[in-house]
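Hi,

Here's the structure I said I'd pass along. Have a look, and my notes are underneath.

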Amino acid sequence: MDQQLKSVSKFLSYVLRHRPDAIGLELDAGGWAAVSELIQCAAQHDRILSEDLIQQVVASNDKQRFRLSPDGQSIRASQGHSLPVNLDLQSLSPPPVLFHGTATRFLTSIMAEGLLPSGRQYVHLSGDFDTAIAVGRRHGHPIVLEIDTQQMQIDGHQFYQSENAVWLTHHVPAKYFLNGNNK
Ligand code: HQG
């Protein structure tokens, strides 16, 4: 991704997931912002966007982090919110094992409390090991926890999938880790 698109992507992640108020933007209950307002609010904070640039960021984003409404008038982040937005996700049956990448320095706490959303709305789980290790690397020396999602489902835990295919759940108690104790 080119540097300008990456910089805009980070800016959009910040305002659409965490701090719309930082630029005076309002999101609706579903987390949508009007593209025209986003452009206006950003300009007031020295960030020059255009419809064209926003469309390019949405289309080229490596993880498809953002979604435009069908009429192109609104935009939201597909996951990763710390704000309480309603993404209207249907509960879905996940594969029997999912992965969570984290850093070894968090393990003691994770073993005691399980995986918590830690400021976001959900715990984020990956469908494959390689994605999870990349997520873990963002935080330090990476480790991947394998999660017995089949047993979690049997026990009544709900799973959701974001529009960009990240698996989400509310809490993963440590008893569902398949490999946590020996790594
Ligand atoms: C850890 C990226 C201590 C958790 C990725 C993680 C993902 C605990 C960190 C998305 C804990 C939170 C989310 C506990 C969990 N004690 N630490 N009990 N429970 N943690 O960034 O999952 O590139 O909020 O292991 O692809 O790393 O931004 O979550 O290390 O989908 O689009 O607390 O962000 O997407 O970190 O990443 P984060 P995450 P984007």
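Below is what I found, going from the whole chain down to one pair of strands.

First, a caveat: this is a predicted model.

The protein chain has six helices and eight strands. Starting at the N terminus, the order is α-β-α-α-β-β-β-α-β-α-β-α-β-β. The radius of gyration comes out at 18 Å, close to the 16 Å that the globule rule gives for 183 residues, so the chain is as compact as a globular protein of that length. If you want rough dimensions for a box, the C-alpha trace spans about 50 × 30 × 25 Å along its principal axes.

On packing, 43% of the 183 residues are buried. Looking at contacts with a separation of 6 or more, 71% are between residues 24 or more positions apart.

As for the surface, the accessible area of the chain is about 9,700 Å², and carbon and sulfur atoms hold 48% of that. There are 15 positive and 18 negative charges, and the mean positions of the two sets lie 9 Å apart.

Now the strand pair. Strand β4 covers residues 97-103 and is mostly covered, with six of its seven residues buried. Its partner here is strand β6, residues 142-148: the two run antiparallel and are joined by seven bridges. To find the pairing in your viewer, start from T102, whose bridge partner in β6 is I143.

That's it from me. Shout if anything is unclear.

Cheers

Note on methods:
Residues are numbered from 1 along each chain as its sequence is written. This is a predicted model: local features need pLDDT of at least 70, side-chain atom pairs count only at pLDDT 80 or more; totals for chains, interfaces and linings use all residues. Side-chain values use heavy atoms; hydrogens and water are left out. Helices (H or I, at least four residues) and strands (E, at least two) are DSSP runs, numbered from the N terminus. The radius of gyration is taken over C-alpha atoms; the globule rule is 2.2 Å times the number of residues to the power 0.38. Buried means under 20% relative accessible area, exposed over 50%, partly exposed in between (1.4 Å probe, protein chains only). Contact means heavy atoms within 4.5 Å. Accessible areas come from the Shrake-Rupley method with a 1.4 Å probe; for residues, only the protein chains shown count as cover. Lys and Arg count as positive and Asp and Glu as negative; His and the chain ends are not counted. The place of a charge is taken as NZ of Lys, CZ of Arg, CG of Asp or CD of Glu. Two strands pair if DSSP finds at least two bridges between them.
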